[in-house]
Amino acid sequence: MEAVFPTYARWELEIVKAEGTKVYDQNGKEYLDFIAGIAVCNLGHRPQVVQKALEEQLNKVWHVSNLFQSSLQVEVAKLLTDNSVGDLVFFCNSGAEANEAAIKVARKHTQKSKIITFKQSFHGRTFATMSATGQEKIHTGFGPLLEEFVYLPYNDENELEKAMGDDVAAIMVEVIQGEGGVHPGEYIFLQKCEQLCKKYGALFIVDEVQTGIGRTGKAFAYEHAEISPDVITVAKGLGSGFPVGAMIGKKFLGETFSAGVHGSTFGGNPLAMAAAKATITEIFNSKFLQDVQEKGDYFLDQLTNGLKNIGNVRAIRGKGLLLGIEWSEGATEIITELRTHGLLVLTAGPNVIRLLPPLIVTKEEIDIAVNLIKDVLLKKAAAIK
Ligand SMILES: *Cc1c(COP(=O)(O)O)cnc(C)c1O
């Protein structure tokens with residue numbers, strides 16, 4: 001990777017072709033892809049409905065700027081708000097930008113500055129979202145962070161209750177901590193976040209950049225916890241690989257984000273909107289989502305049964321098709337080994353194996369993955385002893 005900043009620890013592998021749940025490297029080797037671009041390719045690679053929508057849009061208009069009306073933006077916004085508790089959408093290009101918008105709207109709306117986030121969270125790499133992220137290793141070397149972020153232990157209602165007060169602008173929380181190790185938020189904890197925000201006039205922001213767009217078997221993962229956030233941020237799965245992000249907010253925030261207050265040159269770009277519209281039209285369908293739930297439950301069951309006698313497996317957790325296996329040691333070698341056997345998975349933190357198959361995965365493919373994982377973990381466990 002000459003002439004490219006070495007900001008990523010890349011594998012010695014280039015994907016040159018992809019279709020559905022399969023990808024192919026430069027040597028023609030086939031892989032079952034349980035990374036899906038890190039929860040991006042929820043309909044698999046190059047889904048035909050999205051490809052067709054993009055091809056059609058390519059022949060109409062690529063970009064005009066937000067000086068103009070956009071019926072495509074309205075259509076995508078309606079799909080997002082009809083399927084969530086939100087009423088208004090701000091379009092941007094990434095998860096970090098969606099969270100930036102959320103942080104800005106929270107401060108402007110409440111005229112307060114303190115924002116509560118959680119340890120091991122991940123909210124992005126821009127200055128504000130890095131500051132929101134509760135992980136020291138992500139802050140190191142960048143000097144003074146944006147002020148007034150407070151990092152509390154995740155799933156700890158008592159600590160939250162103690163820290164909450166009139167000076168808080170927002171609580172920002174992942175429904176399942178993805179990058180931080182696939183830790184699901186307890187429903188009672190997430191409900192507590194909402195109650196305390198109501199009580200103290202703070203905004204309740206859920207970061208659904210990884211968990212949203214059908215990943216957990218609901219359009220948005222917050223639905224499982226029966227909560228009603230003021231702001232929902234999405235990105236990863238929204239455009240099937242076409243870069244697009246969105247902040248969805250309740251109606252009362254419309255006065256805060258008024259003309260000239262916030263913006264993005266590319267936000268709501270027609271190609272991105274065509275990709276997003278085709279993607280969520282397919283995913284926000286009760287039959288599709290039901291199917292994701294069933295496959296997620298099946299995957300979790302198969303893993304729980306298949307790995308139950310391997311002592312080095314510390315936990316298996318997650319929801320829908322966002323699952324993690326906590327290993328007793330570093331998980332990097334396991335991931336490398338699985339790759340040589342044709343299965344792509346990634347880590348979440350140092351010792352969690354994260355599984356993010358495309359939502360169109362079949363039970364047969366889940367079986368293949370479970371068997372491979374079992375074989376590799378049995379071998380590794382034997383080597384540890
Ligand atoms: C990936 C991720 C982000 C950052 O998204 P980018 O598109 O990389 O900026 C933010 N929050 C969560 C929960 C994520 O998983």
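Does Phe68 count as buried or exposed, and at what relative accessibility? In this predicted model, Phe68 counts as exposed because its relative accessibility is 55%, and exposed means over 50%. Phe68 is found in a loop, the one that runs between helix H2 (48–58) and helix H3 (71–82). Together with Val61, Val64 and Leu67, Phe68 forms a nonpolar patch on the surface, and these residues have about 420 Å² of accessible area together.

From this patch the reader can turn to the ligand. The residues that surround the ligand are Ser94, Gly95, Ala96, Asn99, Phe122, His123, Gly124, Glu174, Asp207, Val209, Gln210 and Lys236. Sorted by class, this shell has 3 nonpolar, 6 polar and 3 charged residues, and its largest share, 3 residues, comes from helix H4, which spans residues 95–110.

Three of the surrounding residues can be followed down to single atoms. In Phe122 the atom concerned belongs to the backbone, an N or O atom that lies 3.2 Å from a nitrogen atom of the ligand. In Asp207, by contrast, a polar atom of the side chain lies 2.8 Å from a nitrogen atom of the ligand, while Gln210 places a polar side-chain atom 2.8 Å from an oxygen atom of the ligand. As for the ligand's surface, on its own the ligand has 380 Å² of accessible area, and the protein covers 81% of it.

Notes:
Residues numbered from 1 in each chain as written. Predicted model: local features only at pLDDT ≥ 70, side-chain atom pairs only at ≥ 80, totals over all residues. Heavy atoms only, no water. Near = heavy atom within 4 Å. Polar contact = N/O pair within 3.5 Å; in protein donor to acceptor, adjacent residues only side chain to side chain. Areas by Shrake-Rupley, 256 points an atom, 1.4 Å probe, with all protein chains shown as cover. Helix = DSSP H or I, 4+ residues; strand = E, 2+ residues; numbered from the N terminus. Nonpolar A, V, L, I, M, F, W, Y, C, P; charged D, E, K, R; others polar. Patch = residues over 30% accessible without salt bridge, like charges linked within 9 Å, V, L, I, M, F, W, Y side chains within 5 Å. Salt bridge = Lys/Arg side-chain N within 4 Å of Asp/Glu carboxyl O. Buried < 20%, exposed > 50% of the residue type's maximum accessible area, 1.4 Å probe, protein only.
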